[in-house]
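Got the model open in your viewer? Let's walk through it stop by stop, with something to select each time.

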Amino acid sequence: MKTDLSDITFLILIRLDSIQRLENIIVVTNQICHYFNTNILVLEAADHNNGVLKALLNKKIKYMFLEDKDPVLYKTYYLNIMALDVNTPFLAIWDTDIVIDRIAIMDAIDHLRNGNTDVSYPYNGKCFEISELLRNYYLKKKNSRLLYRHKNKLDLLYPHLLTGGAVFVNTQKYYAAGMENEIHYGWGNDDFDRYFRFIGLGYKIYRVDTCLFHLWHPRGENSKFRSTTAKKISGNERFRIESSSKDEIVTSLKGL
């Protein structure tokens, strides 16, 4: 029997820059649909709509396409569009290539539902990169237990603790925190910016004590800083938010 998560909307943004990305989003969304009765919104932004993704997605998933000629995927801009389409008490900002055990998902959501937290991460900040070989095996078996079994053989996606990839948040609290900061244009520090705004505003944050897994895919232009200038702008904005008081964050949000 599927678990009822009808009070959650998963937001997944994608640009299909490789066949592996396509395979990843299909297996990730199918797993969510297999275990949960929930809401999933997928937004594809690309220079043309070839119809492939829409045809392969589970029919219960709400699919949006927006034409975008810009080679840079403006992640924060598109997530804000998606967030305004949410009609559930809670939302999840979910990366295309993320795998997590359903027990961790339920743990995170239970804390939100009980009012114990405003923001809930279904992992402890550590994310392991699933190697290309193990990824291919997982796509056949679709069993997250084998990932935990082989965790010690995997490398961390990044050496520091992460604040993105998978996050559940009270929808109204998310709106009140300013949603996504569109100063971050393309790949950057948007996840940390959001996290430090939550911290600065005094939101209650919960983390599940388990790890996250990232399905391997070729890393294109939208998986890294596009330039030194972009890296500097994104880094400076993250530092500004991290260093701001609650009053300063509230004042800056009024100017958005």
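Start in a loop: Lys 142 sits between α5 (132–141) and α6 (145–149). Helices here are DSSP runs of H or I with at least four residues, strands are runs of E with at least two, and both are numbered from the N terminus. Before going on, note that this is a predicted model, where local features need pLDDT of at least 70 and side-chain atom pairs count only at pLDDT 80 or more, while totals for chains, interfaces and linings use all residues. Residues are numbered from 1 along each chain as its sequence is written, and side-chain values use heavy atoms, with hydrogens and water left out.

**Two positive phi values**

Keep Lys 142 selected and check its backbone: phi is positive, about 55°, although this residue is not a glycine. Is Lys 142 buried, exposed or partly exposed? Its relative accessibility is 37%, so Lys 142 counts as partly exposed. (Buried means under 20% relative accessible area, exposed over 50%, partly exposed in between, using a 1.4 Å probe and protein chains only.)

Now select Met 179, in the loop between α7 (171–176) and α8 (190–200). Met 179 also isn't a glycine, and its phi is positive, near 55°. Met 179 is buried, with a relative accessible area of 14%.

**The strands**

Next, pick out residues 36–46, which form strand β2; nine of its eleven residues are buried. Add strand β1 (residues 3–14), and you'll find it paired with β2 in the parallel sense over nine bridges. (Two strands pair if DSSP finds at least two bridges between them.) To see one of the links, show Phe 10 and its bridge partner in β2, Ile 40.

Then bring in strand β3 (residues 62–67), which runs parallel to β2 and is joined to it by six bridges. Here, try Ala 46 and its bridge partner in β3, Glu 67.

Turn on helix α1 (residues 19–35) as well: β1, α1 and β2 make a right-handed β-α-β unit. (A crossover is right-handed if, with the strands pointing away from the viewer, the path from the first strand over the helix to the second runs clockwise.)

While you're on β2, zoom in on Asn 37, which lies in that strand. Asn 37 is partly exposed, with a relative accessible area of 37%. Which residues does Asn 37 contact, leaving aside its neighbours within four places in sequence? They are Lys 2, Thr 3, Asp 4, Leu 5 and Ser 6, with contact meaning heavy atoms within 4.5 Å. The C-alpha atoms of Asn 37 and Leu 5 are separated by 5.4 Å, though the two residues are 32 apart along the chain.

**The second largest pocket**

Select Gln 31, Tyr 35, Ile 100, Arg 102 and Ser 144: of the 19 residues lining the second largest pocket, these lie nearest its centre. (On a 1 Å grid over the protein atoms alone, a pocket is an open set of points with protein on both sides within 12 Å along at least five of seven lines; a cavity is a set where a 1.4 Å probe fits but cannot get out; lining residues have an atom within 4 Å of a point.) The largest share of this pocket's lining, five residues, comes from α1.

**Last stop: the cavity**

Finish with Val 72, Gly 186, Trp 187, Lys 224 and Arg 226, which lie nearest the centre of the largest cavity among its ten lining residues.
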